[in-house]
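Visitor: Hey, can you walk me through this one? I'm new to this.
Guide: Sure, have a look and ask away.

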Amino acid sequence: MTVSLAERLTAELRDRIITGRLSPGSVVIEPALAQEFQVSKTPVREALQRLTHEGLVEVLPKRGYLVRAMSPRDLAEVLELRQLLEPLAAARVAEVVRSGGPRAQEILTELAARVEAQRKAIEPGEKLVAAMHFHRALAEATPNVRVRGPLARALDESTRALYVMPEAFPVRRDDQGLAEHEALLAAIASGEPEAAREAAAEHFARLEPVAPQPLLMP
């Protein structure tokens with residue numbers, strides 16, 4: 001599938017926002033981005049409009065686009081959405097595994113690789129990013145596209161919080177998140193949807209989504 005110029009620009013700008021290279025409160029303008037990327041303003045405008053729909057930027061009339069800030073309440077709402085969607089995604093992925101075939105093996109190989117990367121990570125920040133990659137792989141594996149899209153955006157916002165709100169992720173025991181991911185992978189590998197759903201739900205059992213500051217690891 002051919003990726004359009006606007007899609008490539010969207011991906012690049014989204015990555016800059018998520019990783020904090022475009023910090024909250026930054027103002028971006030179409031002419032400057034068009035000059036940087038050596039393109040016309042049309043694909044830049046389309047990319048910024050897409051990011052507006054995703055809630056990452058907002059329009060500043062006659063000024064440009066503002067990179068939106070992220071608050072503890074925003075993070076609480078994102079985690080609440082993940083708490084609802086990830087158990088469902090895990091169950092659907094387990095169904096794919098149960099059906100067998102090349103896709104099932106591809107999924108298990110990818111998830112196992114993400115768990116191994118988390119196991120090998122040394123620095124706290126590296127561990128957090130590796131953990132998020134596991135969740136992304138799970139989201140991408142779910143066959144339900146209506147779950148996949150919102151979950152992917154929620155994971156983008158969770159990843160962004162790692163960079164722009166590091167205080168929201170206090171240190172936990174190094175093996176706690178890893179053990180939970182190993183349990184979730186084992187449940188998915190069993191091909192039992194309910195076991196996978198329960199493992200994912202248990203992973204999120206510590207969430208308090210209505211609290212103003214759910215200072216939690218991914």
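Visitor: What area does the chain expose, and how much do carbon and sulfur atoms supply?
Guide: The chain exposes about 11,300 Å², with 54% supplied by carbon and sulfur atoms. Accessible areas come from the Shrake-Rupley method with a 1.4 Å probe, and for residues only the protein chains shown count as cover. Keep in mind that this is a predicted model, where local features need pLDDT of at least 70, side-chain atom pairs count only at pLDDT 80 or more, and totals for chains, interfaces and linings use all residues. Residues are numbered from 1 along each chain as its sequence is written, and side-chain values use heavy atoms, leaving out hydrogens and water.

Visitor: OK, what share of the residues is buried?
Guide: 44% of the 218 residues. Buried means under 20% relative accessible area (1.4 Å probe, protein chains only).

Visitor: New topic: how many helices and strands are there?
Guide: Nine helices and three strands. Both are DSSP runs numbered from the N terminus: helices are H or I with at least four residues, strands are E with at least two.

Visitor: And how do the strands β2 and β3 run?
Guide: They're antiparallel, joined by four bridges. Two strands pair if DSSP finds at least two bridges between them. In that hairpin, three residues lie between the strands, and Lys62 has a positive phi near 65°.

Visitor: Where does β1 fit in, then?
Guide: β1 (residues 27–28) runs antiparallel to β3 (residues 64–67), with two bridges. Val27 stands opposite Leu66 in β3, and Glu58 also stands opposite Leu66.

Note on methods
Buried means under 20% relative accessible area, exposed over 50%, partly exposed in between (1.4 Å probe, protein chains only).
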